[in-house]
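Me: I would like to learn how to read a structural model with some care, feature by feature. Could you take me through one?

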Amino acid sequence: MPLERYRQKRDFSGSPEPAGDDRLRAKRAGRRKGLFFCVQKHLASHLHYDLRLELDGVLLSWAVPKGPSLDPKDKRFAAQTEDHPYEYGMFEGVIPSGYGAGIVMLWDYGTWRPETDDVRAALKKGDLKFTLDGYKLKGSWVLVRTRGYSGTKDSWLLIKHRDEWSGPLDITTFAPLSVKSEGDFADILAADDPAVWTSNRQDLPAKTGETGALLAAIIEEAARKKLAAAARGGARTRTTHRRGTKATRRPAANARKKKR
Ligand code: MN
C-alpha cells in the first residue's frame, strides 16, 4: 500500500502534515511530464534537506544532511526515506511533536525530468540521472546508490553533473531562505506558535549540541518577531481608533494583507 510507512510514522491529530489523498495520488499516477520536485529544509534532531521527486503520484524522498551542492566534486550523502504524499510538496510549517518534530521550510521547488525512459529500472539499478528546473536548483544531477557508511541499501549519493548550472557556489549559504514565504526558520516559527516548545521541553526536537543551540536561538528570535509584529498591530489599531477614517484604515488593511 503506497504511503503506508508515511502514515504509520505520524499522528495526524497532532501534526499539520497532510495525510495524503489517495484519489489525488491515483490521478497523478500516470504522469510522466511536469513532474513535481522539491527540497524541504528541515530542522529536526539534525538540520537536513529533504529532496523529493514525484513518481506515480507520490514523492520519492531522500534526506540529504549537507544539502545539495552545485559543485560536481561534492558527493552528498542522501538517505532514502519513506515516500511522501504529493501534497507534502508545498508544505512548510512547524511539526510540534512526534516523528520529524521541528521546522520545515520549502527551500526549493519546481519540476523534474528523468533522463531515462524507465525510472523504476534506474532506481532498481541504483543510478538515476535527472534534470531539475527549480528556483535554486537547475540542470543535470544523479543519484547513485552506494553501500554507504551503515551498509544499508538506502544509502545514495547526490551529485551535480557538470553543465551551465554547476559551479563552486555554496547554494545552501547563498540562498538560505524559503521560496514560499521568503522567510527563515524564525519567521516560520513566529508565524505559527513561537512558544510551542518552551512549555513542552520534552518535545524539543534538539536539546543539546550544535542543533540544540541553533534551535534555541531560533525560538528566541521567533518570540522577538512575534512581539514586534503584535506591537506593530497594536499601534495600527490605536491609530485607527483615533482617526478612524476610511483613508487611514485602508493602508493598515493593505499592510496586513501584504504580510500574509
Ligand atoms: Mn526530514
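**Reading the model step by step**

Reply: Let us begin with the fold as a whole: among contacts in the protein chain between residues at least 6 apart in sequence, 59% join residues at least 24 apart. The secondary structure of this predicted model comes to seven helices and nine strands, and buried residues make up 42% of the 260 residues in the chain.

Me: What average pLDDT does the protein chain have, and over which residues does pLDDT stay under 50?

Reply: The general idea is that, where pLDDT is low, the predicted coordinates should not be read in detail. Here the protein chain averages a pLDDT of 90, with 87% of the residues scoring at least 70. Over residues 238-260, however, pLDDT stays under 50, and for that stretch the model has seven contacts beyond four places in sequence.

Me: Which residues coordinate the manganese ion, and how are they spaced in sequence?

Reply: With a metal site, one may begin with the donor atoms and then turn to the surroundings of each donor residue. The manganese ion is coordinated by H42 through ND1, by H48 through NE2 and by D50 through OD, at 2.2 to 2.3 Å. Along the sequence these donor residues follow the spacing H-x5-H-x1-D.

Me: Is D50 buried or exposed, and what does its side chain make polar contacts with?

Reply: Burial is read from relative accessible area, and since a residue under 20% counts as buried, D50 is buried at 5%; H42, at 8%, is buried because it falls under that cut-off too. D50 is found in strand β2, which covers residues 47-55, and its side chain makes a polar contact of 3.1 Å with the side chain of H48, while another polar contact, of 3.5 Å, joins the side chains of D50 and R52. Leaving aside neighbours within four places in sequence, D50 is in contact with C38, V39, Q40, H42, W62 and A63, so this list includes H42, which is itself a donor to the manganese ion.

Me: How much space lies in the second largest pocket, and which residues lie nearest its centre?

Reply: Rolling a probe the size of a water molecule over the atoms shows where empty space is left. In this model about 210 Å³ of space lies in the second largest pocket. That pocket is lined by 16 residues, of which H42, H48, D50, Y99 and G100 lie nearest its centre, and strands β2 and β4 (76-85) each supply at least two residues of the lining.

Me: Where are the residues with positive phi that are not glycine, L3 and E182, found?

Reply: For such residues it is useful to put the backbone angle, the place in the chain and the accessibility side by side. L3 has a phi near 70°, is found in the segment before α1 (4-8) and is buried, with a relative accessible area of 6%. E182 has a positive phi of about 65° and is placed in the loop between α4 (171-174) and α5 (185-191), where it is exposed, with a relative accessible area of 65%.

Me: What does A122 touch, not counting residues up to four places away in sequence?

Reply: A122, in helix α3 (residues 119-125), touches T116, D127 and L128 on that count, and at 11% relative accessibility A122 is counted as buried. The C-alpha atoms of A122 and L143, which are 21 residues apart along the chain, are separated by 9.7 Å.

Terms used: Residues numbered from 1 in each chain as written. Predicted model: local features only at pLDDT ≥ 70, side-chain atom pairs only at ≥ 80, totals over all residues. Heavy atoms only, no water. Donors = N, O, S within 2.8 Å, 3.2 Å for Na, K, Ca; no water. Buried < 20%, exposed > 50% of the residue type's maximum accessible area, 1.4 Å probe, protein only. Helix = DSSP H or I, 4+ residues; strand = E, 2+ residues; numbered from the N terminus. Polar contact = N/O pair within 3.5 Å; in protein donor to acceptor, adjacent residues only side chain to side chain. Contact = heavy atoms within 4.5 Å. pLDDT = per-residue confidence, 0-100. 1 Å grid on protein atoms, 1.4 Å probe; cavity = no way out; pocket = protein on both sides within 12 Å on 5 of 7 lines; lining within 4 Å. Points joined across faces, edges and corners; volume = space filled by probe spheres on them.
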